[in-house]
Amino acid sequence: FFFECNLHKMPDDSPPTKEELERIAKCMEKQEFRELLNEYLTAMQDPETKKEEEEYLKQLEREAEEGNYTMQILIPEPAFCVKCRNAAREKVYINICSSDKVEVFREDYTGNSRGAMWHVPLSVGKPRPEMDKHGKEIETYDAVFNPKTVQLANDSNKFMCFLVEICVEHI
């Protein structure tokens, strides 16, 4: 991977770009998209559907525990996105996210000239396609850290670059 380290903060209330609005308008022209969107919006407005989804996720976690393996469902909060390039010079997105289900980072002092050893837990999802602003499919990964780890990255550019390096090593 070659770092361009283009960081994109993900504000909660940012307005859609012109390109995003054009993409939405193009999708709305398709009958199948409108039907799927309507079905999704209807389901999301139903508190019973949301409750069923949460119960299903809890059931999966219970079944995992009963089956002698551990599984936790992470529903991460977005923090920022990093655009990198792979060895073939193709764009790759890394969505840095947070969840309190991931352990907080730990700094262990070594007592010698090396300073400290860092233990930075994370969970990296499998690659999935996402569309860039030009409508091109881009390989995208979600990397989930503890919220305190992400906060330190937001406070320190040096630590942010360290997190990005960790993500690239795990992809």
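Me: In strand β8, which residue is the bridge partner of V92?
Reply: This model is predicted. Strand β3 pairs with β8 (residues 137–145) in the parallel sense, over 7 bridges. One of the bridge partners in β8 belongs to V92, and that partner is E139.

Me: How many bridges join β2 to β3?
Reply: β2 and β3 form a hairpin, with 5 residues between them. The two strands run antiparallel. P78, for one, has C97 in β3 as its bridge partner. The number of bridges joining β2 to β3 is 8.

Me: What is the phi of R89?
Reply: R89 sits in the loop between β2 (77–85) and β3 (91–98). Most residues other than glycine have a negative phi. R89 is not glycine, yet its phi is positive, near 65°.

Me: Is R89 buried, partly exposed or exposed?
Reply: Buried means under 20% relative accessible area, and exposed means over 50%. R89 has 47% relative accessibility, so R89 counts as partly exposed.

Me: How many residues of β3 are buried?
Reply: One side of β3 holds K91, Y93, N95 and C97, all buried. The other side holds V92, I94, I96 and S98, also buried. Both faces are covered. The buried count for β3 is 8 of 8.

Me: What distance does helix α5 reach from its first C-alpha to its last?
Reply: α5 covers residues 157–170, which is 14 residues. Among its buried residues are F159, L163 and I166. At 1.5 Å a residue, the expected reach is 20 Å. The model comes close to that, with a reach of 20 Å.

How values were computed:
Residues are numbered from 1 along each chain as its sequence is written. This is a predicted model: local features need pLDDT of at least 70, side-chain atom pairs count only at pLDDT 80 or more; totals for chains, interfaces and linings use all residues. Side-chain values use heavy atoms; hydrogens and water are left out. Helices (H or I, at least four residues) and strands (E, at least two) are DSSP runs, numbered from the N terminus. The expected span of a helix is 1.5 Å times one less than its number of residues. Buried means under 20% relative accessible area, exposed over 50%, partly exposed in between (1.4 Å probe, protein chains only). Two strands pair if DSSP finds at least two bridges between them.
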